[in-house]
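Here's a quick briefing to read alongside the model. Have the viewer open and follow along.

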Amino acid sequence: NHPVSGGKQTALSSVSFFNPEKLHSLTIQPLYPVTPSRPPSTVSYVERARQHRWRCSDVTFHCSDGALRQQWIQTIREQLTALTSRPKHLLVYINPYGGKQQGECIYEQKVAPLFACASISTDVIVTEHANHARDHLKTEAELKKYDGVVCVGGDGMFSEIVHGLVSRTQRDNGVDQNSPEEKLVPCSLRIGIIPAGSTDCICYATVGINDPVTSALHVIVGDSQPMDVCSVHHNNTFLRYSISLLGYGFYGDVLADSERKRWMGPARYDFSGFKTFLTHHHYEGAVSFLPATDILGTPRDKTRCRAGYVTLPNLCFCSIPEYEVGWGVVRGKFLAINAASMSCACPRSPMGLSPAAHLADGTTDLILVRKCSRFNFLRHLLRHTSKDDQFDMTFVEVHRVRRFRFTPRHCQNDSELDLRENGKQLFSQICRDHPACSCSPAYSSWNCDGEILPHAAIEVGVHCQLIKLFARGIEEQPLFEDLANPPCAL
Ligand SMILES: Nc1ncnc2c1ncn2[C@@H]1O[C@H](COP(=O)(O)OP(=O)(O)OP(=O)(O)O)[C@@H](O)[C@H]1O
Ligand SMILES: CCCCCCCCCCCCC/C=C/[C@@H](O)[C@H](CO)NC(=O)CCCCC
Ligand SMILES: [Ca+2]
């Protein structure tokens, strides 16, 4: 019975104020003409747009009955206060140099106004050097003050936050990160990613799009998505954590080359990818792995990790003892050894390196690409950009595993590492001087979520649901988008 005006024209009764999905804040905006006794009320809410984008819309109500209006406002406020999953205080780190160096601008223009509108208070730190955020989280940050940590940047910045939070949590709980067998303690604070990087693979694979406004709204509504984290060790020494890709051979070489071309921005990956494809190096070694049993799905099935897919914690851990499952071993010459703990979907590859991988099932998909012709490798790579099955090739095999180890054929010990580094430089110099030389170096590097690891021989274990993100996984696209998502109805 009450007239409505503003961004949307709708009847009061058609708006469900009690649906927490819909509302993230209430603001009272005086519109004109306004009589002091009858100011209108504006409610902001989340509206789904195309391709997994979320947008903020608002609807303004005029109510002739002042008491009723106050009652509505009071009820909405009570409902919003009762939503305990929504963050109120956030610690924000901005990398001003990630991606196209737009981090600060993206945060100030697109994200900060939304956080303010949702009454979220923030402490913002613009990083001054690499590992600033990681070290601040690890040692200094007063974590008790916050409901979550937000990073503005790319996968590298997210990785810093994960390392800071996971290390801090283990230290606070007396857990030794250097032991590969140690069960790690999950982090209690959720992490939000505002994408402003070059690949934004974590954001893309957990939200469905790398869009700062969408990610900010997932933080505001207090979404929660658990995620697996891999620990990487060498000789009982902790090296790094990995959330997306651990890649030896092709992706290691692409990264090593692209790091020298950071000045190119995101285009460095295309340049180095093409160059690495042409060099076509293969690497010899043995991969041993503990297959994941007791799991739902395989890397080759058609299931996709989507919002609402809940992994029961008991499926995260194998009920059969390790010695009964038995380790598999594959030896040979490989163009690429990739472990994808999640799909690794990104704008370059919308289905990702392992389209059926799950975010929080305690497993990683180990993809072994054996030495093959350049033509066949190109066919394999191109399938990452389409819906074709990149595993349906004789030289590719994929295993869903809980742990794995890699030992290069000429396994180096620590004293040989320096030799290896010097040898690699010498070797690459020789190859540069003799471009016709087609032999492969003995070692590649591991690409660990975009960071290069110093050792080729590594041991990897998956820690199920060690961290949580302000996300909900990729939502299924409705068949008839316009019908399923009319304005106002969420
Ligand atoms: N102030 C800073 N100066 C220099 N480097 C920084 C600074 N803050 C963070 N870094 C480092 O910059 C690296 C790259 O950042 P980020 O991940 O945000 O962007 P990107 O590399 O362009 O994107 P992506 O990781 O998605 O490819 C990170 O590894 C991070 O450690
Ligand atoms: C000739 C045409 C070939 C087309 C092939 C396309 C295949 C693309 C697969 C993309 C997989 C991305 C995996 C993500 C890894 C991230 O953890 C990491 C950090 O951001 N990014 C890279 O290492 C950046 C790595 C970028 C590699 C291209
Ligand atoms: Ca996984």
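What follows covers the overall fold, one enclosed strand, a calcium site and a ligand pocket.

This is a predicted model, so keep that in mind throughout. The chain has 490 residues, and 53% of them are buried. Its secondary structure adds up to 12 helices and 18 strands.

**Overall picture**

- Among contacts with a separation of 6 or more, 79% link residues that sit 24 or more positions apart in the chain.
- The chain exposes about 22,400 Å², and carbon and sulfur atoms account for 53% of that area.

**Strand S11 and its partners**

- Strand S11 covers residues 245-249, and 5 of its 5 residues are buried, so the rest of the structure largely encloses it.
- S11 runs antiparallel to strand S13 (residues 328-340), and 5 bridges join the two.
- If you want a spot to look at in that pairing, Leu246 is opposite Ala339 of S13.
- S11 also pairs with strand S16 (residues 446-448), again in the antiparallel sense, this time over 3 bridges.
- For that pairing, go to Gly247, whose bridge partner in S16 is Asn447.

**The calcium site (ligand 3)**

- Five names to click on here: the calcium ion is coordinated by Asp228 (OD), Ser341 (O), His358 (O), Asp361 (OD) and Thr363 (O).
- The coordination distances run from 2.3 to 2.7 Å.
- Along the sequence, the donor residues follow the spacing D-x112-S-x16-H-x2-D-x1-T.
- Two of these residues, Asp361 and Thr363, are buried.

**The ligand 2 pocket**

- There are 18 residues around ligand 2, and those that come nearest are Asp155, Thr199, Ser244, Asn447 and Asp449.
- Asp155 has a side-chain N or O atom 2.7 Å from an oxygen atom of ligand 2.
- For Ser244, the distance from a side-chain N or O atom to an oxygen atom of ligand 2 is 2.9 Å.
- Asn447, already met as the partner of Gly247, places a polar side-chain atom 2.8 Å from an oxygen atom of ligand 2.
- On its own, ligand 2 would expose 700 Å², and the protein buries 86% of that.
- Which helix gives the most to the shell around ligand 2? That's helix H10 (residues 374-382), which supplies 3 residues.

Conventions:
Residues are numbered from 1 along each chain as its sequence is written. Chains are lettered from A and ligands numbered from 1 in the order in which they are written. This is a predicted model: local features need pLDDT of at least 70, side-chain atom pairs count only at pLDDT 80 or more; totals for chains, interfaces and linings use all residues. Side-chain values use heavy atoms; hydrogens and water are left out. Buried means under 20% relative accessible area, exposed over 50%, partly exposed in between (1.4 Å probe, protein chains only). Helices (H or I, at least four residues) and strands (E, at least two) are DSSP runs, numbered from the N terminus. Two strands pair if DSSP finds at least two bridges between them. Contact means heavy atoms within 4.5 Å. Accessible areas come from the Shrake-Rupley method with a 1.4 Å probe; for residues, only the protein chains shown count as cover. Donors are N, O and S atoms within 2.8 Å of the metal (3.2 Å for Na, K and Ca); water is not among the atoms, so sites may look incomplete. A residue is near a molecule or strand if one of its heavy atoms lies within 4 Å of it. A polar contact is a pair of N or O atoms within 3.5 Å; within protein, one must be able to donate a hydrogen and the other to accept it, and residues adjacent in sequence count only if both atoms are side-chain atoms.
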